Amino acid sequence: MPATAWNVNFLRSPQITATNDHSTHALIILNQPFSFPLLHRLWHSTQWHCCADGGANRLFDSFSDNQDRLKFLPGLIKGDLDSIRPDVRQFYEDQGVPVVPDEDQDSTDLMKCVSALEEKERAEDLAQLHIVLLGGLSGRLDQTIPTLAYLHKLRKTRQRVFAVTDENVAWVLDAGEHEIEVDHGVLGQTCGLLPVGIDSTILSTSGLKWNLTDCPSSFDGLVSTSNHLVPGERVVWIKTSQPIWWTAELREFPKIC
Ligand SMILES: Nc1ncnc2c1ncn2[C@@H]1O[C@H](COP(=O)(O)OP(=O)(O)OP(=O)(O)O)[C@@H](O)[C@H]1O
Ligand SMILES: Cc1ncc(C[n+]2csc(CCO)c2C)c(N)n1
């Protein structure tokens, strides 16, 4: 099997990459803090925008006036709607944004948004969009670990699902070989390979400061944390016998005036 190629071009400045193909990604905004530069960048590199319940409050609060708010209207707000504020709900409903309640108490608001995306893909006969989650890696542990678990499950049915915060971009690498294109303008130095949700894996890598060769990794043994990308290296190669979480540090994006 050839190595799976990965890039995080959706995090690059649209000015740098006119080739940024925003028509292939969906953004799901979760209820966790994020900076405006990160939102701005992700918004413009994604085609469909969905807020998971209280994620709508975060989007709304990213702007000081309605004129700017109107430039960032999501395609959908979905969840059990116990977190969205009444004023935020009213504002988006007035703009014609569908605010869809789903009372299911066995699935999270994130899961409800992914189901909505899948319904949209079916209804519009779309090719699968790559999913970008804004948030989901920090905050309450009983929300964070389910995000880690959910992306493990999604890898079986979705091609690409990324979780992005101001500090990290992370995703699950399936068993096999991967080549990650490293954009040093977007990614910081630090990265990790985290054996979450598996008993153990056998890892080999190149392009990192601390490389591994056929090395077992597990919670009982080695976890590659605080590893480094090597300046000048354009590709990280990873071979893993089991799915593994890959995480890389993000550089701070420039302020938007
Ligand atoms: N404190 C948190 N820490 C980490 N992630 C969070 C946190 N709060 C919310 N999220 C993420 O944002 C999504 C929307 O959250 P929201 O606050 O609207 O609803 P919730 O009622 O707390 O979450 P849920 O209904 O999904 O259990 C959640 O599904 C979860 O993925
Ligand atoms: C074993 C088990 N644990 C917790 C919940 C609660 N729960 C999980 S997702 C969700 C919806 C939140 O919007 C709620 C309330 C459950 N159903 N089953």
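Strands here are DSSP runs of E with at least two residues, numbered from the N terminus, and His49 lies in one of them, strand S3. Welcome to this predicted model. The tour below starts with that strand and its neighbours, moves on to two ligands, and ends with a few further places to look.

**Strand S3 and His49**
- Strand S3 covers residues 48-52 and runs parallel to S4, with 3 bridges joining the two.
- One of the residues to find in S3 is His49; because its relative accessibility is 10%, under the 20% cut-off, His49 counts as buried.
- A polar atom of the His49 side chain lies 3.0 Å from the backbone oxygen of Trp43.
- Cys50 has its bridge partner in S4, namely Leu76.

**Strand S4 and its surroundings**
- Strand S4 spans residues 76-79, and both of its faces are covered.
- In a regular strand, side chains alternate between the two faces of the sheet.
- On one side of S4 sit Leu76 and Lys78, on the other Ile77 and Gly79, and all of them are buried.
- S4 also runs parallel to strand S5 (residues 99-101), to which 3 bridges join it.
- Across from Gly79, in S5, stands Pro101.
- Together with helix H4 (residues 86-94), S4 and S5 make a β-α-β unit, and this unit is right-handed.

**Ligand 1**
- There are 16 residues around ligand 1, of which Asn31, Asp53, Gly54, Asp109 and Arg140 come nearest.
- An oxygen atom of ligand 1 lies 2.7 Å from a backbone N or O atom of Gly54.
- Arg140 also takes part through its backbone: one of its polar atoms there is 2.8 Å from a nitrogen atom of ligand 1.
- With Gln32 the side chain is involved, as an N or O atom in it is 3.4 Å from a nitrogen atom of the ligand.
- The protein buries 86% of the 570 Å² that ligand 1 exposes when taken alone.

**Ligand 2**
- Around ligand 2 you will find Asp80, Asp104, Gln105, Asp106, Ser107, Asp109 and Lys112.
- Sorted by class, this shell has 5 charged residues, 2 polar ones and no nonpolar ones.
- Asp109 is listed here and also appears among the residues that come nearest to ligand 1.
- In the side chain of Asp80, an N or O atom is 2.7 Å from an oxygen atom of ligand 2.
- Gln105 offers a polar backbone atom, 2.6 Å from a nitrogen atom of the ligand.
- A side-chain N or O atom of Asp106 is 2.7 Å from a nitrogen atom of ligand 2.
- On its own, ligand 2 has 450 Å² of accessible area, and the protein covers 41% of that.

**Strands S11, S12 and S14**
- Strand S11 (residues 201-206) is joined by 3 bridges to strand S12 (residues 215-217), and the two run antiparallel.
- In this pairing, Ile202 stands opposite Pro216 of S12.
- S11 pairs with strand S14 (residues 235-240) as well, in the antiparallel sense and over 4 bridges.
- Here Ser206 has Trp237 of S14 as its bridge partner.

**Leu148 in helix H6**
- Helix H6 runs over residues 141-154 and contains Leu148.
- Leu148 counts as buried because its relative accessibility is 14%, under the 20% cut-off.
- Leu148 and Asp125 are 23 residues apart along the chain, and 29 Å separates their C-alpha atoms.

Terms used. Residues are numbered from 1 along each chain as its sequence is written. Chains are lettered from A and ligands numbered from 1 in the order in which they are written. This is a predicted model: local features need pLDDT of at least 70, side-chain atom pairs count only at pLDDT 80 or more; totals for chains, interfaces and linings use all residues. Side-chain values use heavy atoms; hydrogens and water are left out. Buried means under 20% relative accessible area, exposed over 50%, partly exposed in between (1.4 Å probe, protein chains only). Two strands pair if DSSP finds at least two bridges between them. A crossover is right-handed if, with the strands pointing away from the viewer, the path from the first strand over the helix to the second runs clockwise. A residue is near a molecule or strand if one of its heavy atoms lies within 4 Å of it. A polar contact is a pair of N or O atoms within 3.5 Å; within protein, one must be able to donate a hydrogen and the other to accept it, and residues adjacent in sequence count only if both atoms are side-chain atoms. Accessible areas come from the Shrake-Rupley method with a 1.4 Å probe; for residues, only the protein chains shown count as cover. Ala, Val, Leu, Ile, Met, Phe, Trp, Tyr, Cys and Pro count as nonpolar, Asp, Glu, Lys and Arg as charged, and the others, Gly among them, as polar.
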